Amino acid sequence: SNSRSSGGNNIGILTHRAFDLCYNVAEMKGDWGEFTRLVKVTPRYFLRNDSSMHTFEVKQAGQPDETATRVPPGGVIPFYWSDSRFPELVAVRPFGDIDYKWSGGFDIATINSIPLRVRSKQALNRSALSSVKAVTELRPRSSGVNISLTEEDFYGNGALFQIENLSPFQI
């Protein structure tokens, strides 16, 4: 349990988990709007899986696999840091029948489109997904960030950029 009882009061045990939140303040509609404000608090980061085929596992880079969360195709979930002592970098891998290595960590606070290299743990599996595109963008009317994940096209259509040497010779 993550809490202790002391004389009937629960005392929470602090962890290193970090919750980035953002808020929006708006006037209330109606007669009391002049005096009342609505404060809306939301997670700062949302992960969206734009793939139609793959479930993605996502975690803070450098953290154990048990801290990963799964985002099903079409799913949207909030993302929180599992340990505030580690760099704020995110690692991604597809989840399913093929066992994949984690991508390198990337900064989700940078608004950008980046390719993430993911490799199958079975070295000769050429049919496995090899690249995931991560697009980070600001959420409208907030300071929050959406991170969209999708597989890149096998033939390179819409790919951000990739050159891969599959020959036995170093170039």
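## A walk through the strands

Let's start with charge: this structure holds 8 salt bridges, each one a side-chain nitrogen of Lys or Arg within 4 Å of a carboxyl oxygen of Asp or Glu. You are looking at a predicted model, where local features need pLDDT of at least 70, side-chain atom pairs count only at pLDDT 80 or more, and totals for chains, interfaces and linings use all residues. Residues are numbered from 1 along each chain as its sequence is written, and side-chain values use heavy atoms, leaving out hydrogens and water.

**Whole chain.** Show the cartoon: you should find 0 helices and 12 strands. These elements are DSSP runs numbered from the N terminus (helices are H or I with at least four residues, strands are E with at least two). Of the 171 residues, 30% are buried. Buried here means under 20% relative accessible area, exposed means over 50%, and partly exposed is in between, using a 1.4 Å probe and protein chains only.

**Stop one: Arg37 and Glu27.** Select both, and you'll see a salt bridge at 3.9 Å, N to O. It links distant parts of the chain, with Arg37 in strand β4 and Glu27 in strand β3, 10 residues apart. Arg37 is partly exposed at 42% relative accessible area, while Glu27 counts as exposed at 56%.

**Stop two: Glu137 and Arg48.** Here the side chains meet in a salt bridge at 3.4 Å, N to O. Glu137 sits in strand β11 (residues 131-138) and Arg48 in strand β5, 89 residues apart. Glu137 is partly exposed at 31% relative accessibility, and Arg48 is partly exposed at 25%.

**Stop three: Lys59 and Asp65.** Is Lys59 buried or exposed? At 7% relative accessibility, Lys59 counts as buried. Its salt bridge with Asp65 spans 3.1 Å, N to O, and Asp65 is partly exposed at 37%. Now add Glu57, Arg70 and Arg93 to the selection: salt bridges that share partners join these residues with Lys59 and Asp65 into one network.

Keep Arg70 and bring in Phe95. Arg70 lies over the face of Phe95, at 3.6 Å from the ring centre. A charge sits over a ring if NZ of Lys or CZ of Arg is within 6 Å of the ring centre and within 35 degrees of the ring normal.

**Stop four: the rings.** There are 3 aromatic pairs in the structure. Rings of Phe, Tyr and Trp (its six-membered ring) pair if their centres lie within 6.5 Å; planes under 30 degrees apart count as stacked, over 60 as edge-to-face and the rest as tilted. Select Tyr45 and Trp81: their ring centres are 5.9 Å apart with planes at 75 degrees, so this pair is edge-to-face. Tyr45 is in strand β5 (residues 45-49) and Trp81 in the loop between β8 (76-79) and β9, 36 residues apart. Both are buried. Add Phe79 too, since ring pairs link Tyr45, Phe79 and Trp81 into a cluster.

**Last stop: Ser103.** You'll find Ser103 in the loop between β9 (90-95) and β10 (112-117). Ser103 counts as buried, at 6% relative accessibility. What does Ser103 touch, not counting residues up to four places away in sequence? Light up Ala91, Val92, Leu116, Arg117 and Val118, its contacts on that count, where contact means heavy atoms within 4.5 Å.
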